[in-house]
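Work through the exercises below with the model open. Try each task before you read its solution.

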Amino acid sequence: MENPKIRISADFDIEERVQAARDNFRKHGYNCCQSVLLAYADVIGLDPQTAAVLTSGFGGGMGRLREVCGSVSAMFMIAGFISPAADPSVKTDRTANYALVQEIAGKFREKNGSIVCKELLGKPAALKQESPEPSDRTPEYYRKRPCEDLIACSARIIGEKLKAAGHEA
């Protein structure tokens, strides 16, 4: 099932979207999931406010639980627009959606070694639950975290999938 909301223009530039995702994180302070989804919100037919609200709980590997990386979660959300599975009774749609999710997760894992936030950040496996308070965005914060590069990786992977979907405006 194709989603008619996806709009890829002839001048669609993945690297511009990758840079927008980076800027969303570093310049605007959005979390990893927000950064990626906001870079493609117009393409999938979401208004930016809805995109920011929808993804607000996915920072820090889902509310700082350090589970699945937020940028990966954003790719999975966008995958739902590329390969929708809105009707649970249509098994072929669900299968296609899950296959896409597994494919993009595999690409991310291949490039980064994991899709799990705490592993990507080099935190111990037995990490106790962290405070829900977000870290302050200081120069030191940006220096010690790979998040901006992980966001760029996710934005590139999902941008390539969107472009390959070939939906023309």
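**Exercise 1. Check the length of helix α2 against the expected span.**

Solution. This is a predicted model. Step one: take the residue count. Helix α2 covers residues 32-44, which is 13 residues. Step two: apply the rise. At 1.5 Å a residue, the helix should span 18 Å, because the expected span is 1.5 Å times one less than the number of residues. Step three: compare. The end C-alpha atoms of α2 are 18 Å apart, which agrees.

**Exercise 2. Find where α2 kinks, and describe what lies at its start and after it.**

Solution. Begin with the axis. α2 has a kink of about 40 degrees, centred on L38. Now go to the start of the helix. There, a side-chain oxygen of N31 comes to within 2.9 Å of the backbone nitrogen of C33. Then look past the other end. G45 follows α2, and its phi is positive, near 85 degrees.

**Exercise 3. Decide how far α2 is covered, and name what covers it.**

Solution. Count first. Of the 13 residues of α2, 12 are buried. Among them are C32, C33, L37, L38, Y40 and I44. Next, identify the cover. The buried residues of α2 are covered by elements including α1 (14-26), α3 (48-55), α5 (70-82) and α9 (147-165).

**Exercise 4. Is P48 buried or exposed?**

Solution. Place the residue: P48 is in helix α3. Read its relative accessible area: 54%. The cut-off for exposed is over 50%, so P48 is exposed. Finally, relate P48 to α2. P48 and L37 are 11 residues apart in sequence, and their C-alpha atoms are 8.8 Å apart in space.

**Exercise 5. Characterise the largest pocket and its lining.**

Solution. Start with volume: the largest pocket has about 400 Å³. Then take the lining, which has 27 residues. N31, G59, G60, R64 and Y141 are the closest to the pocket centre. Now assign elements. α2, α4 (59-62), α7 (117-120) and α9 each give at least two lining residues. The largest share, 3 residues, comes from α4.

**Exercise 6. Describe the surroundings of R66.**

Solution. Locate R66: it sits in the loop between α4 and α5. Check its exposure. The relative accessible area of R66 is 5%; buried means under 20%, so R66 is buried. Look for a polar partner. The side chain of R66 makes a polar contact with the side chain of E130, at 3.0 Å. List other contacts beyond four places in sequence: they include G60, G61, C117, L127 and R145.

How values were computed
Residues numbered from 1 in each chain as written. Predicted model: local features only at pLDDT ≥ 70, side-chain atom pairs only at ≥ 80, totals over all residues. Heavy atoms only, no water. Helix = DSSP H or I, 4+ residues; strand = E, 2+ residues; numbered from the N terminus. Bend = angle between axes of the 7 residues up to and from the residue. Buried < 20%, exposed > 50% of the residue type's maximum accessible area, 1.4 Å probe, protein only. Contact = heavy atoms within 4.5 Å. Polar contact = N/O pair within 3.5 Å; in protein donor to acceptor, adjacent residues only side chain to side chain. 1 Å grid on protein atoms, 1.4 Å probe; cavity = no way out; pocket = protein on both sides within 12 Å on 5 of 7 lines; lining within 4 Å. Points joined across faces, edges and corners; volume = space filled by probe spheres on them.
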